[in-house]
Amino acid sequence: MITNNLSIPKSSAILPTAAFQIFIMQTLIRRVLLLVLFALAAVAHAQQFPSKPIKIIVPFPAGGTVDFFARVVSSKLADALGQSVLVENRAGAGGNIAAEVVAKAAPDGYTLLMGSEVVAINTSLYNKLAYDPLKDLAPITLVGTVPNILIVNPSLPVNSVKELIALANKTPGKISFASTGQGTSSHLSSELFKLMANVDMLHIPYKGGPPAIADLIGGQVDMMFINMPTGLAHVRSGKARVLAVSSARRVAQLPEVPTVDQAGLKGFETAAWSGLYAPTGTPPEIITRLHAEVVKILKMPSVKEQLAGQGAEPVGDTPEEFGRFTRDEIAKWAKLIKISGAKIE
């Protein structure tokens, strides 16, 4: 009789299962440890940020409203982060050059965009963009909003919106209006004005507010809608005459000036805004840190006073809210662009 000496005792039959369970447990522990290490590294990265100067890119020349917001934020942000925060003006292509630079920058929190309504407007105004604002830019916060004011050269013989419309009707195509650039709220506010008043006027675009208002004061152009922070000083000095504000309500800085709606064009309302974006892919902890610091800045009494003096209203919403705001702005301006027929190849 042959005995099978290779038979395995019943007590040892469970060993492979136990070994497998131990292997699984060890694997899970290693994975948990890795996740913890990654989380700790992310926290350490956020705590170390920033380790070098940050750059805020502005799509327009120095002296304009977007530049104003950027410089108000940058000086306080530098104090909060313990690093220099530089403002770099990259004007051109209706704000697209600056937006593209930031959209294609390293997503590390060191290159930011102080965007404006042109981020939303250009999506419909241009047939093709080298970036997608919804896919390539990560919203941080809406910094603030400002109304536009309708101003004219003092030599233009009008003192109200009704008189301006009457003059435009008498001289079709003769009254010129400046803008801070193709597709800006300055430009499209005038296009909406033309549309609602049913008048023909000549558009002369500029690269930003300062050169546009300089030519208005000099008499090279007759009128324009300009962001309030840029135009207010010239109104107060008497170098420009204000006829109306573009907001739904009158503003405290110009209480005697009616809205365009009150002046006769019912339903007219436009506004400009500035908000901070980072390249998509920027670590969430860096977005959170930047958002928290900017919101703190916007709540400072000295900053509130500085903004209010220029007719600007601070906001400081969440990244999610600012993302929804950007999408809503794209839809809103797309309707006006379609109605007005404004387009840039």
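A residue counts as buried under 20% relative accessible area, as exposed over 50%, and as partly exposed in between. Keep that scale at hand for the exercises below, which all work on a predicted model.

**Exercise 1. Two loop residues with positive phi**

Task: Find where Ala93 and Asn198 lie, and decide whether each is buried, partly exposed or exposed.

Solution:
- Step 1. Start with the backbone: most residues other than glycine have a negative phi.
- Step 2. Ala93 has a phi near 55°, a positive value in a residue that is not glycine. Look for Ala93 in the loop that runs between strand E2 (85–89) and helix H3 (96–103).
- Step 3. The relative accessibility of Ala93 is 42%, so Ala93 counts as partly exposed.
- Step 4. Now turn to Asn198, whose phi is also positive, at about 55°. Its loop is the one between helix H7 (185–197) and strand E6 (202–205).
- Step 5. Asn198 reaches 64% relative accessibility and therefore counts as exposed.

**Exercise 2. A peptide bond to look up**

Task: Which residues does the cis peptide bond join, and in which loop is Pro50 found?

Solution:
- Step 1. Recall that most peptide bonds are trans.
- Step 2. The bond between Phe49 and Pro50 is cis, with omega at about -5°.
- Step 3. Pro50 sits in the loop connecting helix H1 (15–48) to strand E1 (54–58).

**Exercise 3. Ser124 and its helix partner**

Task: Is Ser124 buried or exposed, and how is helix H4 oriented to helix H12?

Solution:
- Step 1. Place the residue: Ser124 belongs to helix H4 (residues 118–125).
- Step 2. Its relative accessible area is 17%, which means that Ser124 is buried.
- Step 3. Setting aside neighbours within four places in sequence, Ser124 touches Ile330, Ala334, Ile337 and Lys343.
- Step 4. Helix H12 covers residues 319–340; its axis and that of H4 come within 8 Å and cross at roughly 45°. This angle makes H4 oblique to H12. The crossing of the pair is right-handed.
- Step 5. On the H4 side, the contact uses Ala120, Ile121, Thr123, Ser124 and Leu125, while H12 supplies Thr326, Glu329, Ile330, Trp333, Ala334 and Ile337. Sorted by type, the residues of this contact are 7 nonpolar, 3 polar and 1 charged.

**Exercise 4. A second helix pair**

Task: Describe how H2 and H10 pack, and sort the residues of their contact by type.

Solution:
- Step 1. Two packed helices are described by the angle between their axes and the distance between the axes.
- Step 2. For helix H2 (residues 65–81) and helix H10 (residues 284–298), the angle is about 120° and the axes are 10 Å apart.
- Step 3. H2 and H10 are therefore oblique to each other, and their crossing is right-handed.
- Step 4. From H2, Val73, Lys76, Leu77, Ala80 and Leu81 meet Arg289, Leu290, Glu293, Val294 and Ile297 from H10. The count is 7 nonpolar, no polar and 3 charged.

**Exercise 5. The whole chain**

Task: How many helices and strands does the chain have, and what percentage of its residues count as buried?

Solution:
- Step 1. The chain holds 12 helices and 10 strands.
- Step 2. Among its 345 residues, 49% count as buried.
- Step 3. The accessible surface is about 16,600 Å², with 59% of this belonging to carbon and sulfur atoms.
- Step 4. Of the contacts with a separation of 6 or more, 78% involve residues 24 or more positions apart.

Technical notes
Residues are numbered from 1 along each chain as its sequence is written. This is a predicted model: local features need pLDDT of at least 70, side-chain atom pairs count only at pLDDT 80 or more; totals for chains, interfaces and linings use all residues. Side-chain values use heavy atoms; hydrogens and water are left out. Helices (H or I, at least four residues) and strands (E, at least two) are DSSP runs, numbered from the N terminus. Buried means under 20% relative accessible area, exposed over 50%, partly exposed in between (1.4 Å probe, protein chains only). Contact means heavy atoms within 4.5 Å. Axes are lines fitted to C-alpha atoms, for helices over the stretch in contact, and angles run from 0 to 180 degrees between N-to-C directions. Angles under 35 degrees count as roughly parallel, over 145 as roughly antiparallel, 65 to 115 as roughly perpendicular and the rest as oblique. A crossing is left-handed if the near helix is turned anticlockwise from the far one by less than a right angle, and right-handed if clockwise. Ala, Val, Leu, Ile, Met, Phe, Trp, Tyr, Cys and Pro count as nonpolar, Asp, Glu, Lys and Arg as charged, and the others, Gly among them, as polar. Accessible areas come from the Shrake-Rupley method with a 1.4 Å probe; for residues, only the protein chains shown count as cover.
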